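Grab a viewer and work through these exercises at your own pace. Each one has a task, followed by a solution in steps.

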Amino acid sequence: MIAIIDYNAGNLKSVEKALHFLGEDCVITRNFHEIETADKVILPGVGAFGDAMEQLKKYELDKVIHQVTAENKPFLGICLGLQLLFEGSDESQGVEGLHVLDGQILRIPDQSGLKIPHIGWNSLHLQNDGRLFAGLEENPYVYFVHSYYLKAADEQIVKATTQYSTTIHASVESGNTFACQFHPEKSGTVGLSILKNFAKLRGGNA
């Protein structure tokens with residue numbers, strides 16, 4: 001069972017639909033017991049960093065996220081769900097993120113000819129043998145919607161980057177904690193392959 005965390009800020013139904021297409025059992029929930037006992041957990045996200053952290057704390061979901069990531073349960077943050085796993089964001093100055101991983105969320109720099117937010121398909125540069133990308137060809141295209149991007153403190157956890165005004169850390173992996181700035185559930189067959197790779201993971205260090 002895969003638990004999709006519901007905190008009023010997620011692209012929940014499209015993630016659920018993609019998992020069902022892959023034949024995976026999943027549940028949209030903010031119930032502690034369901035999240036704690038799930039085999040894997042997904043934190044989607046659409047919206048503003050500060051508002052999302054407020055919702056996570058309102059339902060005390062920050063506590064269960066820290067618990068399941070500390071247990072090395074397979075955990076996937078998507079889009080804003082990636083950003084929330086880090087220390088803080090330029091979008092919401094003074095708001096502390098979950099800080100499961102070290103790094104900052106910065107605003108994409110203005111550049112002539114480029115629109116912000118970064119919306120649409122862009123290619124990934126794969127590196128450091130990310131397990132989410134097993135079996136994919138080099139430079140796969142995925143779908144992005146964001147104005148802020150990750151700069152991870154430890155580049156060894158970065159498994160994919162993309163270029164849009166700057167080098168964006170587009171996916172990370174640390175233990176069994178994974179995150180993607182892009183939307184795998186909106187990224188066609190490539191995205192489904194990424195979600196399938198996540199669904200095949202096991203807990204602990206498997």
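**Exercise 1. Find the bridge partner of Ile78 in E13, then place both strands in their sheet.**

Step 1. Ile78 has Cys180 as its bridge partner in E13. Strands here are DSSP runs of E with at least two residues, helices are runs of H or I with at least four, and both are numbered from the N terminus. This is a predicted model, where local features need pLDDT of at least 70, side-chain atom pairs count only at pLDDT 80 or more, and totals for chains, interfaces and linings use all residues. Residues are numbered from 1 along each chain as its sequence is written, and side-chain values use heavy atoms, with hydrogens and water left out.

Step 2. Strand E4 (residues 75-78) and E13 run parallel, joined by four bridges. Two strands pair if DSSP finds at least two bridges between them.

Step 3. Now read off the open sheet: eight strands, mixed pairing, in the order E2-E1-E3-E4-E13-E12-E11-E8. At its edges sit strand E2 (26-29) and strand E8 (125-126), each pairing on one side only.

Step 4. Stay in E13 for one more residue, Thr177. At 4% relative accessibility, Thr177 is buried (buried means under 20% relative accessible area, exposed over 50%, partly exposed in between, with a 1.4 Å probe and protein chains only). Leaving aside residues up to four places away in sequence, Thr177 touches Thr69, Phe75, Leu85, Val100, Leu101 and Val172; contact means heavy atoms within 4.5 Å.

**Exercise 2. Work out the strand order of the open sheet of three strands.**

Step 1. The order is E5-E6-E10, and the pairing is mixed.

Step 2. Strand E5 (88-89) and E10 are the edge strands, each pairing on one side only.

Step 3. Strand E6 (residues 103-107) and E10 run antiparallel, with five bridges between them. One residue to click on is Ile105, whose bridge partner in E10 is Leu150.

**Exercise 3. How many disulfides does a search of the whole structure find?**

Step 1. In general, a disulfide is a covalent bond between the sulfur atoms of two cysteines. The cut-off used is a pair of cysteine sulfur atoms within 2.5 Å.

Step 2. The search comes back with zero.

Step 3. Check Cys180: its closest cysteine sulfur belongs to Cys79, 10 Å away, so that's too far for a bond. Cys180 is buried, at 0% relative accessibility.

Step 4. Check Cys26: the closest cysteine sulfur is in Cys180, and 17 Å is too far for a bond. Cys26 is buried too, with a relative accessible area of 12%.

**Exercise 4. Count the aromatic pairs and dissect a couple of them.**

Step 1. Apply the rule: rings of Phe, Tyr and Trp (its six-membered ring) pair if their centres lie within 6.5 Å, with planes under 30 degrees apart counted as stacked, over 60 as edge-to-face and the rest as tilted. That gives four aromatic pairs.

Step 2. Take Trp121 and Tyr143: the ring centres are 5.7 Å apart and the planes are at 70 degrees, so this is an edge-to-face pair. Trp121 is in strand E7 (residues 118-123) and Tyr143 in strand E9 (residues 141-146), so the pair ties together parts 22 residues apart in sequence. Trp121 is partly exposed at 49% relative accessibility, and Tyr143 is partly exposed at 22%.

Step 3. Phe178 and Phe198 are also edge-to-face, at 6.3 Å centre to centre and 80 degrees between the planes. Phe178 comes from strand E13 (residues 177-180) and Phe198 from helix H6 (residues 188-199), so parts 20 residues apart in sequence are tied together. Phe178 is buried at 1% relative accessible area, and Phe198 is buried at 0%.

Step 4. Finally, Phe133, Phe144 and Phe182 are linked into a cluster by ring pairs.

**Exercise 5. Which residues touch the most other members of the largest nonpolar core?**

Step 1. A nonpolar core is a set of buried Ala, Val, Leu, Ile, Met, Phe, Trp, Tyr and Cys residues joined through side-chain atoms within 4.5 Å.

Step 2. The largest core has 32 residues, and Ile5, Tyr7, Leu43, Leu56, Leu84 and Phe86 touch the most other members.

Step 3. Elements that each supply at least two residues of this core include strand E1 (2-5), helix H3 (49-58) and helix H4 (61-70).
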